[in-house]
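User: Could you take a close look at the part of this model where the ligand sits, and walk me through what surrounds it? I'd like the pockets covered as well.

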Amino acid sequence: MLTSLTELSHRKQNGPPLAVLTAYDYPTARLLDEAGVDLILVGDSLGMVVLGLPDTTGVTMQMMLHHTAAVRRGVKRAPIIADLPFHSYDTPEQALANARRLMEVGADAVKLEGGVGFIPQIKAIIEAGIPFVGHIGMLPQSVREEGGYKKKGKTPEQIEHIIADAIALDQAGAVAIVLESIVPDVATEITRRIRASTIGIGAGQHTDGQVLVTPDLLGSFPWFRPSFAKARCDVAGETLRAVQEYIAECQVTKA
Ligand code: KIV
């Protein structure tokens, strides 16, 4: 069970692989921490699974600050990573200012989506002493530009591109890198070549850890679940059952 980001390199060398989950609110964060999850990510996926937005591009800094603060109140041990949302890191100055705001409300590290093209922003964050987590491969904040969510690492050009991104982030000093929707062999190769811990989602089994969007794990967002995510309980079904039981009980009480 991880207690500090400084333990990441020891875990990369010695295992076991990292178990990472998202949280957006106090009770979920507290339960994940008590259950022993290694890292908690306040992901901008909250736009979809909490706020009902069509994708992550509508998530604002205000939203991320509000949810990061709630997660902080629930967590005693697991390091918390908070996402910098869409257009909150267009320049190095803006990236650093917003990273500082996330740290002020309780994040232990910040994450942004992008590789080689964002090195000035990433260096500004790291040089200010803020632990940084990268995110490469399929980038949800680019879904509109890309015309959908597409697996990465299928062509030689894409493979070269992703590996160059991973190496650039590693050399800049990222403590970990999320590899999203990457062909498993490419994710394995990156994991072998870099010092930072790789955390895969839809990237095969051979990364240094795995991350899931918690509502996908709990079955609490039944309207969409990616094929690689295995729901281990049916919170949506149980909620419907409990609410319908309550409705029925209310309706007979007065009669
Ligand atoms: O926002 C998020 O939940 C994420 C994960 C999908 C890695 O970035």
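Analyst: The shell around the ligand is a mix: 5 of its residues are nonpolar, 4 are polar and 4 are charged. Bear in mind that this is a predicted model. In total 13 residues surround the ligand, and the closest are Gly43, Asp44, Ser45, Asp83 and Lys111.

Now for the polar contacts. Ser45 puts a polar side-chain atom 2.5 Å from an oxygen atom of the ligand. For Lys111, a polar side-chain atom lies 2.9 Å from a ligand oxygen, and for Asp44 the corresponding distance from a polar side-chain atom to an oxygen atom of the ligand is 3.0 Å. As for cover, the ligand has 260 Å² of accessible area on its own, and the protein covers 95% of that.

So where is this spot in the wider fold? The ligand sits in the largest pocket. That pocket has a volume of about 670 Å³. It is lined by 32 residues, and those closest to the pocket's centre are Met138, Pro140, Glu180, Ile201 and Val213. Three elements each supply at least two residues of this lining: helix H3 (46-49), strand S6 (176-180) and strand S8 (209-212). Sorted by class, the lining of the largest pocket comes out at 16 nonpolar, 8 polar and 8 charged residues.

Next, the second largest pocket, which holds about 470 Å³ of space. Its lining counts 23 residues, with Glu113, Gly114, Phe118, Leu139 and Ser142 the closest to its centre. Two or more lining residues come from each of strand S5 (132-137), helix H7 (143-146) and helix H8 (156-172). H8 gives the most here, with 5 residues. By class, the lining of the second largest pocket has 8 nonpolar, 9 polar and 6 charged residues.

While you have the model open, a couple of backbone details deserve a look too. Most residues other than glycine have a negative phi, and most peptide bonds are trans. Against that background, the peptide bond from Gly15 to Pro16 is cis, with omega near -5°. You'll find Pro16 in the loop between helix H1 (8-14) and strand S1 (18-22). The other one is His87, a residue other than glycine with a positive phi, near 60°. His87 is in the loop that runs between strand S3 (80-83) and helix H5 (92-104).

If you want one place to start on screen, go back to the ligand in the largest pocket and pick out Asp44, Ser45 and Lys111, whose polar side-chain atoms make the contacts to ligand oxygens described above.

Note on methods. Residues are numbered from 1 along each chain as its sequence is written. This is a predicted model: local features need pLDDT of at least 70, side-chain atom pairs count only at pLDDT 80 or more; totals for chains, interfaces and linings use all residues. Side-chain values use heavy atoms; hydrogens and water are left out. A residue is near a molecule or strand if one of its heavy atoms lies within 4 Å of it. A polar contact is a pair of N or O atoms within 3.5 Å; within protein, one must be able to donate a hydrogen and the other to accept it, and residues adjacent in sequence count only if both atoms are side-chain atoms. Accessible areas come from the Shrake-Rupley method with a 1.4 Å probe; for residues, only the protein chains shown count as cover. On a 1 Å grid over the protein atoms alone, a cavity is a set of points where a 1.4 Å probe fits but cannot get out, and a pocket is an open set with protein on both sides within 12 Å along at least five of seven lines; lining residues have an atom within 4 Å of a point. A molecule sits in a cavity or pocket if more than half of its atoms lie within 2 Å of its grid points. Ala, Val, Leu, Ile, Met, Phe, Trp, Tyr, Cys and Pro count as nonpolar, Asp, Glu, Lys and Arg as charged, and the others, Gly among them, as polar. Grid points are joined across faces, edges and corners, and a volume is the space filled by probe spheres set on the points. Helices (H or I, at least four residues) and strands (E, at least two) are DSSP runs, numbered from the N terminus.
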